[in-house]
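Please work through the following exercises with the sequence and the three-dimensional model at hand. Each task sentence is followed by a solution in steps.

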Amino acid sequence: MTSIGSPPPSPPPPSTVEDIFEDYKARRSGVVQALTSNADAFFEQCDPAMENLCLYGLPGGSWHLSEPPLRVMPQLPEPTLGINFARDGMEPKDWLALIAVHTDCWLLSVAFYYGASLNHNGRERLFSLINDLPTVFEAYKQAPPVKVKPTRKRPTDDDEQSETLCGSCGGNYYDDEFWIFCDVCEKWYHGSCVSVTPEKAESIKQYECPSCSLKKSRLN
């Protein structure tokens with residue numbers, strides 16, 4: 001996995017069927033990781049507040065998020081632009097599945113960009129090798145389900161802030177106070193009301209307020 005920013009330099013372009021297929025496999029492996037085992041980190045990095053982001057599979061077998069290069073004609077076909085903008089408007093599993101389908105298209109376009117100079121038999125052999133592998137979409141569907149934690153943002157505009165009350169004390173929201181969101185009852189709480197500091201919240205993957213935790217313990 002790599003972070004957001006400029007992608008590392010690419011190796012010399014592959015030219016034989018075998019080398020193009022190896023490039024395809026490595027790029028495919030990277031994006032499959034992004035959408036399955038690294039899905040939590042991928043989801044977090046696809047911040048809708050950022051500029052248009054693309055998911056790249058790299059020849060080294062890792063993945064990378066960045067804006068497309070500012071060229072009139074890019075060196076390689078570009079992935080789908082702006083995947084981060086749709087993140088919070090869809091169910092995470094549907095969003096990841098849609099990216100998988102678009103990524104399959106991109107991987108094929110890169111492979112046949114490199115294979116443009118191959119003859120008929122070479123292109124046919126390249127497609128046959130690629131077709132023997134599951135698509136990214138198939139790999140995503142076959143992987144164990146990944147539970148991505150949706151991002152919960154504090155209210156931002158004045159109207160929403162005035163309507164947001166602490167689930168414990170009933171007090172209003174203020175910008176200079178730390179609040180935490182309960183993933184069970186979906187209420188906001190002053191950190192001080194539920195004894196959670198910003199530092200402590202960093203290590204909490206799914207927060208349950210005291211009331212929800214008490215109800216859960218009674219049921220058990």
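The exercises below concern a predicted model, and they proceed from the chain as a whole to single residues.

**Exercise 1. The chain as a whole**

Determine how many helices and strands the protein chain has, and in which pattern they follow one another.

Solution. Begin with the count: the secondary structure comes to eight helices and four strands. Next, read along the sequence, which gives the pattern α-α-β-β-α-α-α-α-β-β-α-α. Then turn to burial: of the 220 residues of the protein chain, 37% count as buried. Finally, consider the contacts between residues at least 6 apart in sequence; 63% of these join residues at least 24 apart.

**Exercise 2. Helices α3 and α4**

Decide whether α3 and α4 are roughly parallel or antiparallel to each other, and state which residues meet.

Solution. Locate the two elements first: α3 spans residues 92-114 and α4 spans residues 120-131. Their axes lie 11 Å apart, and the packing angle is about 150°. Angles over 145 degrees count as roughly antiparallel, and α3 and α4 are therefore roughly antiparallel to each other. The crossing in which α3 passes α4 is right-handed. On the α3 side, the contact involves L108, A111 and F112, which meet R123, L126, F127 and I130 of α4. Sorted by class, the residues of this contact are six nonpolar, no polar and one charged.

**Exercise 3. Helices α1 and α4**

Establish how α1 is oriented with respect to α4, and list the residues that make the contact.

Solution. Helix α1 covers residues 17-35, and its axis comes within 10 Å of that of α4. The two axes cross at roughly 30°. Because angles under 35 degrees count as roughly parallel, α1 is classed as roughly parallel to α4. The crossing of α1 and α4 is right-handed. From α1, the contact is made by V17, E18, I20, F21 and Y24; from α4, by G122, R125, L126, L129 and I130. The classes in this contact are seven nonpolar, one polar and two charged residues.

**Exercise 4. H64 and R87**

Classify H64 and R87 as buried or exposed, and place each residue in the fold.

Solution. H64 belongs to strand β2, residues 63-66. Its relative accessibility is 2%. Since buried means under 20%, H64 counts as buried. H64 is ten residues from C54 in sequence, and the C-alpha atoms of the two residues are 8.2 Å apart. R87, by contrast with a strand position, is found in the loop between β2 and α3. At 2% relative accessibility, R87 counts as buried. A polar atom of the R87 side chain lies 2.8 Å from the backbone oxygen of F43.

**Exercise 5. Positive phi values**

State what is noted about the phi values of E186 and S195, and where each residue lies.

Solution. Take E186 first: its phi is positive, about 60°, although E186 is not a glycine. E186 lies in the loop between β3, residues 179-181, and β4, residues 188-190. Turning to S195, its phi is near 60°, again a positive value in a residue other than glycine. S195 is placed in the loop between β4 and α7, the latter covering residues 198-201. For accessibility, S195 has a relative value of 57%. Exposed means over 50%, and S195 therefore counts as exposed.

Technical notes:
Residues numbered from 1 in each chain as written. Predicted model: local features only at pLDDT ≥ 70, side-chain atom pairs only at ≥ 80, totals over all residues. Heavy atoms only, no water. Buried < 20%, exposed > 50% of the residue type's maximum accessible area, 1.4 Å probe, protein only. Axes fitted to C-alpha atoms, helices over the stretch in contact; angles between N-to-C directions. Parallel < 35°, antiparallel > 145°, perpendicular 65-115°, else oblique. Left-handed = near helix turned anticlockwise from the far one by under 90°. Contact = heavy atoms within 4.5 Å. Nonpolar A, V, L, I, M, F, W, Y, C, P; charged D, E, K, R; others polar. Polar contact = N/O pair within 3.5 Å; in protein donor to acceptor, adjacent residues only side chain to side chain.
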